[in-house]
Amino acid sequence: MPHRHLPRRTRSVGAAVAATAALLVAGLSGSASAGPTASAAQALRTDAAPPALLEAMERDLGLDRQQAERRLANEADAGTTAGRLRAALGSDFAGAWVSGAESGTLTVATTDADDVPAIEAQGAKATVVRHSLTALDAAKSRLDRAAQRNDTTDAPVWYVDVRTNTVVVQAVRPSAARALLSAAGIDRSLTRIEKSADRPRALYDLRGGEAYYINNSGRCSIGFPVTKGTQQGYATAGHCGRTGDSTSGHNRVAQGTFQGSVFPGRDMAWVATNSQWTATPHVKGQGGQNVQVTGSTQAPVGASVCRSGSTTGWHCGTIQVLNTSVTYPEGTISGVTRTTVCAEPGDSGGSYISGSQAQGVTSGGSGNCSSGGTTFFQPINPLLQNYGLTLKTTGGGEEPPEEEPGGTWSAGTVYQPGDTVTYGGATYRCLQGHQAQTGWEPSNVPALWQRV
């Protein structure tokens, strides 16, 4: 979206200057590549991306190896910079996204032109828009509530699009979108209707195959290995099975039982496995290679993301929009992420990963891996939080402190941007959504935490 000046809300220029000063004190003056790049890339282990993942990025995103590696590092940096700017801009913040073959450009939107110097001081591109992210999210929530009372079969997808500063309703019939917007009572200046023939569906398969089987019949794909205390298991999609359903592995050996499942509404579930199965911090990559999982930091809009599924294997694309709602024949789910990655039946429940950071589990979509398509994934952090699970990872790469400094921060807790904790006598603000782990203490990881 081009930079433009719009009528501003009343706010003193001093507030914008203060925001810039706060960022300078935090050590983020000058180019965005100066301070946070090394720490963000190191903390999020972009160097842990295996050859199979990089090869899939090269194939699906049209990159060479060096571009793929630089893209992952740039995306880690962008997430940290965007998080700091979100905290500094407060209610003015209107979203952020990366663009370019190597994700070399970070754009941050604000509703106040006085914020532009603070944004540009971090090496980001600024754009001034009419609506804050808070306003867009609130409008989207009204659509979610209206969808509970109205048929959305012909208007199956709606989401917040920060790049166009609107709430988009994707519809087979535009009249259905207008009816939904009317029922929600949303100011039409906030919205945009996009006509599309897509009718997303959940991607389960009753024709047999590999990965894991539900009640010796349907097939889905394992998402991410997890633990709950001493119990081991894995996260997957809710539409794959209901609580109490039994599972068997790709080898048809008895495996476990669904402990919890939500679908529709959300699309999340987890399976507790028996003692024959061991959770590992890996995702199965191209040719059976292990892809290392080091954490669950949420990637920004525009970032690269790769998917592993038992039907179509490895495929990559980009994150299009967060906070999407989509109507399947079985009902509406909310809070999913839309991507350009293809998928097919049987891939459901499988892993989405950016670099070495877990993103979510395959929910559904449209199209296929021959002609291309759109997919939606259930973000992993809300799933972990809902069931009290801990993602199996290789760790943050740091040794735990010899003495616990004390505070409210706790490993295993899922934190969202803006959450505050205390640690070692100091207060910190979360910059990027993630599940905390030993080695990612606030004082150790400025890519995820800002001291306030």
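**Exercise 1. Place Gly365 and say whether Gly365 is buried or exposed.**

Gly365 sits in strand 21 (residues 357-368); strands here are DSSP runs of E, at least two residues, and helices are runs of H or I, at least four, both numbered from the N terminus. Next, look at its surface: the relative accessible area of Gly365 is 1%. Buried means under 20%, exposed over 50% and partly exposed in between, with a 1.4 Å probe and protein chains only, so Gly365 counts as buried. Now hop along the chain to Phe376, eleven residues away: the two C-alpha atoms are 5.8 Å apart.

Before going on, keep in mind that this is a predicted model, where local features need pLDDT of at least 70 and side-chain atom pairs pLDDT 80 or more, while totals for chains, interfaces and linings use all residues. Residues are numbered from 1 along each chain as its sequence is written, and side-chain values use heavy atoms, leaving out hydrogens and water.

**Exercise 2. Check the span of helix 6 and find where its buried residues lie.**

Start with the span: the rule is 1.5 Å times one less than the number of residues. For the 15 residues of helix 6 (residues 133-147) that gives 21 Å, and the end C-alpha atoms are indeed 21 Å apart. Then pick out the buried residues, among them Leu133, Leu136, Lys140 and Leu143. Looking down the axis, the buried residues fall within an arc of 165° (taken from the directions from the axis to the C-beta atoms), so they line one face of helix 6.

**Exercise 3. Describe how helix 6 meets helix 7.**

The axes of helix 6 and helix 7 (residues 174-184) come within 8 Å and cross at roughly 105°. Axes are lines fitted to C-alpha atoms over the stretch in contact, with angles from 0 to 180 degrees between N-to-C directions. Angles under 35 degrees are roughly parallel, over 145 roughly antiparallel, 65 to 115 roughly perpendicular and the rest oblique, so this pair is roughly perpendicular. Finally, name the partners in contact (heavy atoms within 4.5 Å): Arg142, Leu143, Ala146 and Ala147 from helix 6 meet Leu180, Leu181, Ala183 and Ala184 from helix 7.

**Exercise 4. Find the buried residues of helix 8 and what follows the helix.**

In helix 8 (residues 380-387), the buried ones are Ile380, Asn381, Leu383, Leu384 and Tyr387. They fall within an arc of 160°, so they line one face of helix 8. Just after the helix comes Gly388, with a positive phi of about 65°.
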